[in-house]
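Work through the exercises below with the sequence and the model side by side. Each task is followed by a solution that goes step by step.

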Amino acid sequence: MKKFQLLLTALIAIALMTSCGGSGKEKASTEKAEAITGAGATFPQPFYNKIFKNYSSEKDLIVTYGGIGSGGGIRSLKDEIVDFGASDAFLTDAKLAEMPSEVLHIPTCLGAVVAAYNLPEKPELKFTAELMEGIFMGKITNWSDVRIAAVNPGINLPDLAITVVYRSDGSGTTFIFSDYMSKVSTDWKENIGTGKALQWPVGIGAKGNPGVAGTIGQTLGAIGYIGSEYAFAQGIPVASIQNLAGNFIHPSVESVSAAAKGEMPDDTRVSLTNTDASDGYPISSFTWLIIYKEQNYKNRSFDQAVQTIKLIDWAISADAQKETTKVHYAPLPESAVTKAKAVLSKVTYNGKALN
Amino acid sequence: MNSEKIFRYLLIGSGVLIVFIALGIIATLFVGAIPSFKEFGFGFIYSSDWNPTQGRESYGALPFIIGTLVTSILALLITFPFAFSISLFLGEYFKNGKLPSFLRSVIDLLAGIPSVVYGLWGFYALRPIITDLGLNAQGFGIFTSSIVLAIMIIPYASSLGSEVISMVPGSLKEAAYSLGATRFEVVKTVIIPNAGSGIFAGYILALGRAIGETMAVTMLIGNSNRIPTGIFDLGNTMASLIANQFGEAEGLKYTSLVEIGLLLFIITGVVNYIGKLIMKKLSA
């Protein structure tokens, strides 16, 4: 009998504790910020983890970032449960209209999508846009195809079936890749299109960058696309791709950064794929943090808003940008930093400018 | 007296809570699937199109329903001879001793291995063998997944069977022996008719497990969202599709995934119901 009473008391205690926890969360508008929370894209997560950790220890402020995917990041911001979201694809005008209030995009670094393959003798291959279309749409099915040989003279290409490997999970990597393909191939644009997940005419689906890289590594004759940060870190052999200017560009931190040198709109929402920069790698992309322009939402305190903006301002500073290459991303070029700062200066609290 | 009452309320409370949670899950799936149902109607079930590209969105569950049923039934067929032999071995031929207890622990161990580890094993150990045998070019596909599933469900298919076989009354068996029956005849005429429904229940349990298995299948089936043309072709299952595409899904795709979840739930329910019907027939 005593046991049951004890159990009952414990249950009541737990119920009381949870209900108290709920009411204690209401924040006064003057309260000091203790923690900043963000969520979103997994692609830049290693970079964010690194710089946020540095920031946390310097400023005595807890910054947490959840890599839940770009879609999740946008949803979390829409639900107003985070201080900032993160996305590999900028919000389209239609998506922006769905958000409760105006959203700003701040680019933080650049990444790319690379074509990795598994061939005996590990040759260094070059691909034109036509070859990319042919291979990834299943029109070229063998490595010994004359069309591949024509672009890669002097390379011994084996008589081996091509196995295309793609991401089975929805991914910003797929989005960037298909965004490029849609720009360079009308057939791709009309029949496959752009998106985080696609209807593939050929190939095998594998989960995540490690899944795709693993499947390529295990399958002779395989080709697939991988996030550059993963390919660079693992030292996976990747193809040079011909850009708009006609140059074959090997993906590297420099060539990815160079892709962002072109014209850029003031809201920083720009697709860098198929860049016109002559030394830029054609499948590059910004990744963005997204925040509300009006920072007073859901009872956020003034200090919470100030700390959030300070953090993001720091993320695009030279101090944080020098960390990009250590985790295999490309830093923002100077022109992009200037634009990003201009966007940040628009942030308000109760309609008044913060900076 | 008081403690009796409290005990009763606790029992009733937890029982009712479980019912509410189960109903709540079904309700969530139903509500979440409504937009998709409104868009596609019953065509969702027999459409084979899965196109998530914006502007061309069209979703159908048929490739995944087929993939799910084919992989799990094939797995059950592969596992059947092994599971049945193990049941007989442990339930009738060698009930006690060191070897049977060792075998029993090994089978329990199979049940305890996380499915992602099965996936890894399939990816690195089984796939090259499938490729070498020339069954399929890359070693991925329905057949590879089914083999791994078959190994995963052996414990479920065999343990209930060996349990009921060992519970067949000794008097019945002795009567058969005294009439001059051989051991094989005893198995055929006494044990199987007596333990049949229990053995069968084990297979239904195993099938249910195979239908819902996600991770190992995702790693091996090739995740191609088309109707498979044969057992060596690539495919995808309902559970694997949900696990893969949930993260970045929104709008119509999100609700279509929820509807797939609802269908998966219904299929599992139907399989269990059919299993119960057959068990009733067998034991009657």
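**Exercise 1. The interface between the chains**

How many salt bridges does the rule find across the interface of chain B and chain A?

Solution. The coordinates are a predicted model, in which local features need pLDDT of at least 70 and side-chain atom pairs count only at pLDDT 80 or more, while totals for chains, interfaces and linings use all residues. Side-chain values use heavy atoms, with hydrogens and water left out, residues are numbered from 1 along each chain as its sequence is written, and chains are lettered from A and ligands numbered from 1 in the order in which they are written.

Step 1. Apply the rule for a salt bridge, which asks for a side-chain nitrogen of Lys or Arg within 4 Å of a carboxyl oxygen of Asp or Glu; across the interface of chain B and chain A it finds 0.

Step 2. Turn to polar contacts (pairs of N or O atoms within 3.5 Å; within protein, one must be able to donate a hydrogen and the other to accept it, and residues adjacent in sequence count only if both atoms are side-chain atoms). Here the rule finds 15 residue pairs, both members at pLDDT 80 or more.

Step 3. Locate the contributors on chain B, using helices (H or I, at least four residues) and strands (E, at least two) as DSSP runs numbered from the N terminus. Helix 1 (2-40), strand 1 (50-51), helix 5 (115-132) and helix 10 (238-245) each supply at least two residues of the side that touches chain A, and the largest share, 5 residues, comes from helix 1 of chain B.

Step 4. Sort that side of chain B by class, where Ala, Val, Leu, Ile, Met, Phe, Trp, Tyr, Cys and Pro count as nonpolar, Asp, Glu, Lys and Arg as charged, and the others, Gly among them, as polar: the side has 11 nonpolar, 14 polar and 7 charged residues.

Step 5. Add the extent: 32 residues of chain B are in contact with 38 residues of chain A, contact being heavy atoms within 4.5 Å. The two chains bury about 2,700 Å² between them, 49% of it on carbon and sulfur atoms, buried area being the accessible area (1.4 Å probe) that two parts lose on being put together, summed over both.

**Exercise 2. The two domains of chain A**

Describe how domain 1 and domain 2 of chain A meet.

Solution. Step 1. Chain A is divided into domain 1 (2-111 + 285-353) and domain 2 (112-283), with bounds that come from an automatic or database domain assignment; their centres, taken over C-alpha atoms, are separated by 31 Å. The contact takes 29 residues from domain 1 of chain A and 23 residues from domain 2 of chain A.

Step 2. Between them these domains bury about 2,200 Å², 66% of it on carbon and sulfur atoms.

Step 3. The count between the domains is 2 salt bridges; in a salt bridge of chain A, A:Asp93 pairs with A:Arg269, the closest N and O atoms being 2.7 Å apart.

**Exercise 3. Helices of chain B**

Which secondary structure fills residues 9-34 of chain B?

Solution. Step 1. Chain B comes to 11 helices and 2 strands, and residues 9-34 are 100% helix and 0% strand, with the end C-alpha atoms 37 Å apart.

Step 2. Compare the record: UniProt, in an unreviewed entry, places "transmembrane region" at several spans of chain B, including 9-34 and 102-125; such annotations may be inferred rather than shown by experiment, positions are given in the numbering used here, and feature names are shortened. Residues 102-125 of chain B are 92% helix and 0% strand, and their end C-alpha atoms are 25 Å apart.
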